[in-house]
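Reader: I have a new model open on my screen and would like to learn how to read it. Could you walk me through a few features?

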Amino acid sequence: MNRKAFTLIELLVVMAIIAILAAILFPVFAQAKEAAKKTSSISNLRQNATSVLLYNSDTEGYFGQSAYSLNTPNGIVMPGAQVFAIFDALQPYSKSKEILTDAEPDAIKWLDILATIGMTPAENLKRASFAFNFALFEDPAIAPTLGALDPVVNEGQIEFPAETPMFYHSKYIKAGEINLDAPVGSPYRMPLSPFSRYNFAGTKRYSKGVGINFSDGHAKHYQGTGNIYVPDSPDLNQVGTPLVKTFNLPYDLNGLPPAVGEPKA
């Protein structure tokens, strides 16, 4: 009895076809997975935006402080402080710490970051994937600009709510490290201190873009570089308050146009 079997040539042809199909399909699967991650992350940003607006509805339209202390005089953030951040303030409204994360949950190791400057998180929130606009969530409890010199922000002050970021994809950059998302010459390129807005630059994450939610409550994914269109605003950190481009993608997402291009301190 003759036994039928594949010849070596036939087997090689089949293997070649499988290899070609794999080469075609694997990138498609990878793109689909990346798209799913991006969709999930944007969904979290939308829910985060909703929690901010709910918070504001209970505070007569005022945005929360970026941070203050629960165990120091006048709530001033200093070494030894238990830091109550905007992350914590939104928890009663979002009811989920996971909303602050996506597929890169350790992009901002909040617990570790505070530990390096001698502080602890008041609510034991350990990590996040999104940073906040330091000019929108002001910090009257953080030196050197304290109290009434650095007041909280009201929704009525936002002239461009659909263009003013609240939270965005970010990754903590240590002092002295290079941030490749920021251009040479920008203070975001290499932060000089362990804790400032420059350590929390916007970061390309999914499909080489950055996800952002805005003070009107919507969230969007921005591809590549450029500016979110708003008028130039004064940079209060420089003598003469020169006008600067506000919201330079993907790295600079702090500001409150047209009042200030970046935070005051």
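Author: Gladly! Let us start with a term we will need: contact means heavy atoms within 4.5 Å. Keep in mind that this is a predicted model.

Reader: Let me try the term on one residue. With which residues is Asp139 in contact, leaving aside its neighbours within four places in sequence?

Author: Asp139 touches Ser66, Thr145 and Asp150 once those neighbours are set aside. You will find Asp139 in the loop between β4 (130–132) and β5 (165–169).

Reader: Is Asp139 buried or exposed?

Author: The cut-off for buried is under 20% relative accessible area. Asp139 has a relative accessible area of 9%, so this residue counts as buried. Across the protein, 45% of the 265 residues are buried.

Reader: What about contacts in the protein as a whole?

Author: Take the contacts between residues at least 6 apart in sequence: 65% of them join residues at least 24 apart.

Reader: Which secondary structure elements should I look for, and how many are there?

Author: The protein has four helices and eleven strands. Its C-alpha trace spans about 95 × 40 × 40 Å along the principal axes.

Reader: How do I read a sheet?

Author: The general idea is that strands of a sheet pair through backbone hydrogen bonds, either parallel or antiparallel. In this model, three strands form an open sheet in the order β1-β2-β3, with mixed pairing. The edge strands are β1 (67–69) and β3 (120–121), each of which pairs on one side only.

Reader: Which pairing is parallel and which is antiparallel?

Author: β1 and β2 run antiparallel and are joined by three bridges. Strand β2 (residues 82–85) and β3 run parallel, with two bridges between them.

Reader: Which residues could I click on to see those bridges?

Author: For the antiparallel side, look at Ala67, which stands opposite Ala85 in β2. For the parallel side, Gln82 has Thr120 in β3 as its bridge partner, and Val83 has Pro121 in β3.

Reader: Now the aromatic rings, please. How is a pair of them described?

Author: A pair of aromatic rings is described by the distance of the centres and the angle of the planes. This structure holds 17 aromatic pairs. In one of them, the rings of Tyr68 and Phe84 have centres 5.4 Å apart and planes at 40°, so the pair is tilted.

Reader: Why does that pair tie together parts that are apart in sequence?

Author: Because Tyr68 lies in strand β1 and Phe84 in strand β2, the pair links parts that are 16 residues apart in sequence. The two residues also differ in accessibility: Tyr68 is partly exposed, with a relative accessible area of 29%, whereas Phe84 is buried at 16%.

Reader: Which pair could I look at as a stacked example?

Author: Try Phe132 and Phe134, whose rings are stacked at 4.8 Å centre to centre, with 25° between the planes. Phe132 and Phe134 are both buried. They also belong to one aromatic cluster, whose members include Phe63, Phe87, Trp110 and Tyr172.

Reader: What can I say about the surface and the charges?

Author: The accessible surface of the protein is about 13,500 Å², and 61% of this area belongs to carbon and sulfur atoms. As for charges, the protein has 21 positive and 24 negative ones, and the mean positions of the two sets are 13 Å apart.

Terms used: Residues are numbered from 1 along each chain as its sequence is written. This is a predicted model: local features need pLDDT of at least 70, side-chain atom pairs count only at pLDDT 80 or more; totals for chains, interfaces and linings use all residues. Side-chain values use heavy atoms; hydrogens and water are left out. Two strands pair if DSSP finds at least two bridges between them. Rings of Phe, Tyr and Trp (its six-membered ring) pair if their centres lie within 6.5 Å; planes under 30 degrees apart count as stacked, over 60 as edge-to-face and the rest as tilted. Buried means under 20% relative accessible area, exposed over 50%, partly exposed in between (1.4 Å probe, protein chains only). Accessible areas come from the Shrake-Rupley method with a 1.4 Å probe; for residues, only the protein chains shown count as cover. Lys and Arg count as positive and Asp and Glu as negative; His and the chain ends are not counted. The place of a charge is taken as NZ of Lys, CZ of Arg, CG of Asp or CD of Glu.
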